[in-house]
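Visitor: I'd like to go round this one with you, asking as I go. Shall we put it on the screen and start?

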Amino acid sequence: MQRLRRYHLYLGMFFAPAILLFALSGALQTFRLQEEKGWGSEPPTWIVWMASVHKDSRLPKAKAAEAEQHEHADDHEHADDHDHDAAPPKAAPAPPPGKPPFKLPMQIFVTLLSIGLILSTLIGITIALNNRATRRMSIGMLAAGFALPLLLLML
């Protein structure tokens, strides 16, 4: 049982930074704060960064690079316009008629879930760092949990 607790400690410390990031960014995305329509104007860069890592597993692209990439895609599409064998694009299905679902209760639940996960993770880190016998290894696992995802994002 002691070995199992130690594995739990080290896994928890390693994944704590990612848990914190995904819990916070998930709560923000619940209200679409990474989008202009959710924020009300241009969203802060840190929210856009977190959403990009959370949703796309990559760093956000600069707007100029996205516009350039979109132009290249348009040029490529126009070059293929002479291909008459291509199937026409399918129309998106129309949303069902009726009243849109009321999302606020679920959004509140997800936000409370995120807050609970963040608090639980911070309490776990505090407990782990207060144990002298495992403090050094806990700090190492926590540092690795910060560093490895950042390195993977740079690839």
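Visitor: Which residues does Tyr 10 touch, leaving out those up to four places away in sequence?
Guide: Keep in mind that this is a predicted model. Contact here means heavy atoms within 4.5 Å. With residues up to four places away set aside, the list for Tyr 10 is Thr 134, Met 137, Ser 138 and Met 141.

Visitor: Which residues of H6 does H1 meet?
Guide: H1 and helix H6 (residues 135-154) pack at an angle of about 35°, their axes 7 Å apart, and the crossing is right-handed. From H1 come Leu 9, Tyr 10, Met 13, Phe 14, Ala 16 and Pro 17. On the H6 side they meet Met 137, Ser 138, Met 141, Leu 142, Ala 144, Gly 145, Phe 146 and Leu 148.

Visitor: And how many residues in the contact of H1 with H6 are nonpolar?
Guide: Charged residues are absent from the contact of H1 with H6. Polar ones number 2, and the nonpolar count is 12.

Visitor: How do H1 and H5 run relative to each other, roughly parallel or roughly antiparallel?
Guide: Helix H1 (residues 2-30) and helix H5 (residues 104-129) pack at about 155°, with axes 9 Å apart. The cut-off for roughly antiparallel is over 145 degrees. So H1 against H5 is roughly antiparallel.

Visitor: What is the handedness of the crossing of H1 and H5, left-handed or right-handed?
Guide: H1 takes part in two crossings we can set side by side. With H6, the crossing is right-handed. With H5, the crossing is left-handed.

Visitor: How many nonpolar residues are in the contact of H1 with H5?
Guide: H1 brings Leu 9, Met 13, Ala 16, Ile 19, Leu 20, Ala 23, Leu 24, Ala 27 and Thr 30. H5 answers with Gln 107, Val 110, Thr 111, Ser 114, Leu 117, Ile 118, Thr 121, Leu 122, Ile 125, Ala 128 and Leu 129. No charged residues appear, 5 are polar, and the nonpolar ones come to 15.

Visitor: Is Gln 107 buried or exposed?
Guide: Gln 107 lies in helix H5. Apart from neighbours within four places in sequence, Gln 107 is in contact with Thr 30 and Phe 31. Its relative accessibility is 17%, and the limit for burial is under 20%, so Gln 107 counts as buried.

Visitor: How do H5 and H6 sit, oblique to each other or roughly antiparallel?
Guide: H5 and H6 pack at an angle of about 140°, with their axes 8 Å apart. Roughly antiparallel takes an angle over 145 degrees. H5 and H6 are therefore oblique.

Visitor: How many charged residues are in the contact of H5 with H6?
Guide: Ile 125, Ala 128 and Leu 129 of H5 meet Arg 135, Ser 138, Ile 139 and Leu 142 of H6. By class that contact has 5 nonpolar residues and 1 polar. The charged count is 1.

Visitor: Which helix supplies the largest share of the largest nonpolar core?
Guide: That core has 7 residues: Leu 9, Tyr 10, Met 13, Ala 16, Ile 125, Ala 128 and Leu 142. H1 and H5 each give at least two of them. The largest share, 4 residues, comes from H1.

Visitor: What about Ser 25, buried or exposed?
Guide: Ser 25 is in helix H1 and touches Met 50 and His 54, not counting residues up to four places away in sequence. Its relative accessible area is 1%, so Ser 25 is buried.

Visitor: Now a loop. Which residues does Ser 41 touch, not counting residues up to four places away in sequence?
Guide: Ser 41 is in the loop between helix H2 (36-39) and helix H3 (45-56). At 39% relative accessibility, Ser 41 counts as partly exposed. Its partners beyond that sequence window are Glu 35 and Glu 36.

Visitor: What is the phi of Arg 32 near?
Guide: Arg 32 is in the loop between H1 and H2, and at 40% relative accessibility counts as partly exposed. Its phi is positive, in a residue other than glycine, and is near 55°.

Visitor: Stepping back, how many helices does the protein have?
Guide: From the N terminus, the elements run α-α-α-α-α-α. There are 0 strands, and the number of helices is 6.

Definitions and conventions
Residues are numbered from 1 along each chain as its sequence is written. This is a predicted model: local features need pLDDT of at least 70, side-chain atom pairs count only at pLDDT 80 or more; totals for chains, interfaces and linings use all residues. Side-chain values use heavy atoms; hydrogens and water are left out. Axes are lines fitted to C-alpha atoms, for helices over the stretch in contact, and angles run from 0 to 180 degrees between N-to-C directions. Angles under 35 degrees count as roughly parallel, over 145 as roughly antiparallel, 65 to 115 as roughly perpendicular and the rest as oblique. A crossing is left-handed if the near helix is turned anticlockwise from the far one by less than a right angle, and right-handed if clockwise. Ala, Val, Leu, Ile, Met, Phe, Trp, Tyr, Cys and Pro count as nonpolar, Asp, Glu, Lys and Arg as charged, and the others, Gly among them, as polar. A nonpolar core is a set of buried Ala, Val, Leu, Ile, Met, Phe, Trp, Tyr and Cys residues joined through side-chain atoms within 4.5 Å. Buried means under 20% relative accessible area, exposed over 50%, partly exposed in between (1.4 Å probe, protein chains only).
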